[in-house]
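Got the structure open in your viewer? Let's take a walk through it, one selection at a time.

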2 protein chains.
Amino acid sequence: MDSLGLMKNLSQVSPGKILLMVLDGLGGLPHPETGKTELETARTPNLDGLAAKGVSGLAEVVSPGITPGSGAGHLALFGYDPLRFTIGRGALEAVGIDFDLRPGDVAARGNFATADRSGLISDRRAGRISNEKCAELCRLLDGMAIDKVKILVRPVREHRFIAVFRGGGLGDGVTDSDPQQIGVAPKEVTALRPEAEGLAGVANEFIARVRKALAEQHPANAVLLRGFAQRPELPHMGELCKLKPAAIAVYPMYRGLARLVGMDVSEAGTTLEDEFKTLQENYNKYDFFFLHVKWTDTAGEDGDFNRKVKILEQVDTAMPGLKPDVLVVTGDHSTPAVLGGHSWHPVPVLLCSRYCRTDSVKEFSETAFITGGLGRIAATHIMPLAMANALKLTKFGA
Amino acid sequence: MDSLGLMKNLSQVSPGKILLMVLDGLGGLPHPETGKTELETARTPNLDGLAAKGVSGLAEVVSPGITPGSGAGHLALFGYDPLRFTIGRGALEAVGIDFDLRPGDVAARGNFATADRSGLISDRRAGRISNEKCAELCRLLDGMAIDKVKILVRPVREHRFIAVFRGGGLGDGVTDSDPQQIGVAPKEVTALRPEAEGLAGVANEFIARVRKALAEQHPANAVLLRGFAQRPELPHMGELCKLKPAAIAVYPMYRGLARLVGMDVSEAGTTLEDEFKTLQENYNKYDFFFLHVKWTDTAGEDGDFNRKVKILEQVDTAMPGLKPDVLVVTGDHSTPAVLGGHSWHPVPVLLCSRYCRTDSVKEFSETAFITGGLGRIAATHIMPLAMANALKLTKFGA
């Protein structure tokens, strides 16, 4: 039985409140000149104080050596095995713009592209059209009906959009129309299994109609679709954990991921201060809060070591005053500035509660947490640990 | 999805080179008088310097408490779950003499033995005949044909040989003829499943013909066969990891194991210096090197603590000058001199790379590595970690 099964069988309602604070891309790597990571460089007296009171460790998000995407990273933190529950590309893209993907919907990631007179693709990104142009074209294409299927089209950014096929009992499992190269025609969408025949037919008809609708829109006179996928069926956290969970996240992707596991999603403003304020305002209404801090990851992705340090210090300053029964501070993956992207390194995890059995760690850092009392754990075990510390799990076996 | 599946899905070609250096039987136990292990006794300034730069830990090869054989130990280091991919005794014996075991071959481990006049076994090892006598008898028996099956016979050492049944579409799954005791007749080989009927018949006919051929060869006038097994079907490392892998090993067993996972096998001479020279000569031709050092294990097996210490010091002296992008130094199992054999203790593992996130360990030893940044890992995760550090794995999930 995995974490989910155990939580489902053992969870009980208790008054304890849990705050899961995810600093996106939290872990780092040493700066070549100082030998210290972003966390070790930042002055973080409040986080260090929490580390002294709590119990710490390092979490493997997927497994050693594997770099997690954002979807996989968050599912693991919510307790869902990311190797078992995968989110298809189209579904993640829809989730990423906070689109309300419903059971039965099939979402595809789309590119506006340029086709030449003979129909061959000459630019897979239509010259990276502006966000405004993308939105205008999406409005033009949105709402088409083919048989019993309605096709919803929403802009993402530049040449990117999503097409969502709703209704008609469609099954997913079709190939891409995107040939992933230029100088060739888009591919026919074909079914990989009998249940997907309907979707393949509708998708090809949609692509043909779009070609006509975009005939005068050169360079954006064609579309390429890929990663057709339904919303993954994830058991809801409320049922599994007998929690009333809320998500506080500025960026749409993380609101979308939270919605997939059944969290209520609050309007969280645009800043860290807004997020903490939203937490305070909603504090009496829920007993589980997922609070997502995006900017640590953005700085890491930009390869900006110093900005990541500064953001960690800002987060540290914003921390005081939090007194949930269980506080977890961790990341969904590491994003070391020296790599400028997600990495495979395990993420620091700190758990504070009255019953956490503290260790001798006094500093919030990758190196200090190596000897923390949690040891090296799977990220999927963080939720059961948080639940246990909030006295929300009963005994296993008589 | 296990490590292999993840590597298959996520691996990409990169310029990084990986050196996996396996010190056979690396881990030890404290000397009763000094309280220090072989590693802790040896002066190893170069390995200690690497430990200070790299990230270390302890690896479980199979699982806690389980003592690995050489085949299982190496498969785990190559990323293959040793509980899933097992190598039958006959196949391992064939691999162990660098025999080119082909798909469809069935190999058995054989003993020359002594039978009395009534056919009962009086010595299971035929008085431990010499290597020369064994080779002579194998030449006598080699090349027999029974139905469409050709039987190849090769000497191993003393009374030990292999018999390989080639052709005729044989399936394995038969019982041993070796009764594992004296005073009884050899057993009839019987099929454990219908597909193995053919093999059982051919094996019994082979044993009968051998009795006649050896009639005048007392004390080696009979053979006992056991562990009939086909070559395990292991996906090749080149396909799984998009690597060009080479093996550098003086002892045939390890060349054979490397060949099973698709490595190119270089002639490596007879000494540690030869092995390092082979590495240098082949450095531009491959991007993955498995370099096997046997003598640490041999000293441990002989219960010779001081010799194991000395060999560790020799390895340390030979180390400088290596600058692969990723260097892993580990063992396939522990062989503590005080036990005089393989043991269940986890093996030290050190990984050095530009992106390894170092820890505070400054010494290459079992005790120091307890607090290493890799923590306690499964040996099957060493390959994904090495691949990640060489930037050869893409992100999991979008």
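Start by selecting α5(A), which gives the most to the lining of the largest pocket: four residues. Keep in mind that you're looking at a predicted model. The helix α5 covers 89-96 of chain A, and the other elements giving two or more residues to this lining are β6 (149-157), α9 (252-260) and α11 (295-301) of chain A. Colour those too.

Now zoom in on the middle of the pocket. Which residues lie nearest its centre? Select A:R89, A:E93, A:V156, A:R157 and A:M253, which are part of a lining of 21 residues. By type, that lining has nine charged, eight nonpolar and four polar residues. The space inside comes to about 760 Å³.

Next stop: chain B. The second largest pocket holds about 630 Å³ of space. Pick out B:K53, B:C352, B:S353, B:R354 and B:C356, the closest to its centre among 24 lining residues. Then show α3 (45-53) and β13 (347-353) of chain B, the elements that each give two or more residues here. The largest share, three residues, belongs to α3(B). This lining splits into 13 nonpolar, six polar and five charged residues.

Finally, zoom out to see both chains. A turn of 122° with a shift of 0.0 Å along the axis lays chain A on chain B, with an RMSD of 0.3 Å. The two copies are therefore related as by a three-fold rotation axis. To find that axis from chain A, select A:T371: its C-alpha is the nearest one in the chain, 3.6 Å away. And how do the copies meet? Through different surfaces, because only 3% of the interface residues of chain A are also interface residues in chain B.

Technical notes
Residues are numbered from 1 along each chain as its sequence is written. Chains are lettered from A and ligands numbered from 1 in the order in which they are written. This is a predicted model: local features need pLDDT of at least 70, side-chain atom pairs count only at pLDDT 80 or more; totals for chains, interfaces and linings use all residues. Side-chain values use heavy atoms; hydrogens and water are left out. Copies are superposed by least squares on the C-alpha atoms of residues with pLDDT of at least 70 in both. Contact means heavy atoms within 4.5 Å. On a 1 Å grid over the protein atoms alone, a cavity is a set of points where a 1.4 Å probe fits but cannot get out, and a pocket is an open set with protein on both sides within 12 Å along at least five of seven lines; lining residues have an atom within 4 Å of a point. Grid points are joined across faces, edges and corners, and a volume is the space filled by probe spheres set on the points. Ala, Val, Leu, Ile, Met, Phe, Trp, Tyr, Cys and Pro count as nonpolar, Asp, Glu, Lys and Arg as charged, and the others, Gly among them, as polar.
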